[in-house]
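Let's walk through this structure together, one question at a time. Have the sequence and the model open beside you as you read.

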Amino acid sequence: MTVTDKLDYEDDLLEDIQEYEYQEMFEKANNIVLGFMASTAATGAVPIPFADAPLLVGQQVAMMVAINNVFTFNIERDALASLVTAVIGVGGATVIGKTVVSNLLKLIPGVGTGAGCVISAGTAGVITLALGKAYIEVCKAVKMGKLDQNDLTKKAGLDMLKKSFKEQMEKSKK
């Protein structure tokens, strides 16, 4: 084995190890998203009208903090909360409409409450799933050197997150 062959082998090994570590990070992050999706769906099912919104944002921020831990990023909770509120607004009229309708249905005793809870739970779960998967995409971009970690909570990161969130929401419609 020549020196060049040995160096090539070491480079290939390092790339394989790095790729394995990235795949493990992505898998852990996806599992976190699935757990929080279930959690926010349960919160959305609470039969008290309009009481779930602050709880949902808190859970989504906690999800992003957990994802940051997987990727070893250190980002302030307040910055993440700002990202969540900015990105959720991108969901547009459909999300807002479902949220309002489901919460109004919760005001009607019996069948309305049940229907409102189901719609609200589904909406909360879908939004959380889309947000989590979009945030993972942004974290991947940081890990791959396509986005600086310091830009994650700035315009470049926000724009990337909004775009990815819209794409994830489109996937959920199919």
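Here are some questions and answers about this predicted model.

Q: Which helix gives the most residues to the largest nonpolar core?
A: The largest nonpolar core has 36 residues. The elements that give two or more residues to this core are H1, H2, H3, H5 and H6. With ten residues, the top contributor is H5.

Q: Which residues does Tyr135 touch, leaving out those up to four places away in sequence?
A: Tyr135 is a good place to look, since Ile67, Phe71 and Tyr135 have the most contacts inside the largest nonpolar core. Not counting residues up to four places away in sequence, the residues touched by Tyr135 are Met64, Ile67, Asn68, Ile75, Leu80, Leu83, Leu152 and Leu161.

Q: Is Thr40 buried or exposed?
A: Thr40 sits in helix H1. Its neighbours, beyond four places in sequence, are Leu56, Gln59, Ala124, Gly125 and Thr128. The relative accessible area of Thr40 is 0%, and buried means under 20%, so Thr40 is buried.

Q: Which residue has its backbone oxygen 3.5 Å from a polar atom of the Thr40 side chain?
A: One of the residues that Thr40 touches is the partner here. The backbone oxygen lying 3.5 Å from a polar atom of the Thr40 side chain belongs to Ala124.

Q: How far apart are the end C-alpha atoms of H2?
A: H2 has 19 residues, and at 1.5 Å a residue they should span 27 Å. The model agrees with this expectation, because the end C-alpha atoms of H2 are apart by 27 Å.

Q: Which residue with a positive phi follows H2?
A: H2 runs over residues 53-71. The residue that follows H2 has a positive phi near 60°, and it is Thr72.

Notes. Residues numbered from 1 in each chain as written. Predicted model: local features only at pLDDT ≥ 70, side-chain atom pairs only at ≥ 80, totals over all residues. Heavy atoms only, no water. Core = buried A, V, L, I, M, F, W, Y, C linked by side-chain atoms within 4.5 Å. Buried < 20%, exposed > 50% of the residue type's maximum accessible area, 1.4 Å probe, protein only. Helix = DSSP H or I, 4+ residues; strand = E, 2+ residues; numbered from the N terminus. Contact = heavy atoms within 4.5 Å. Polar contact = N/O pair within 3.5 Å; in protein donor to acceptor, adjacent residues only side chain to side chain. Expected span 1.5 Å × (residues − 1).
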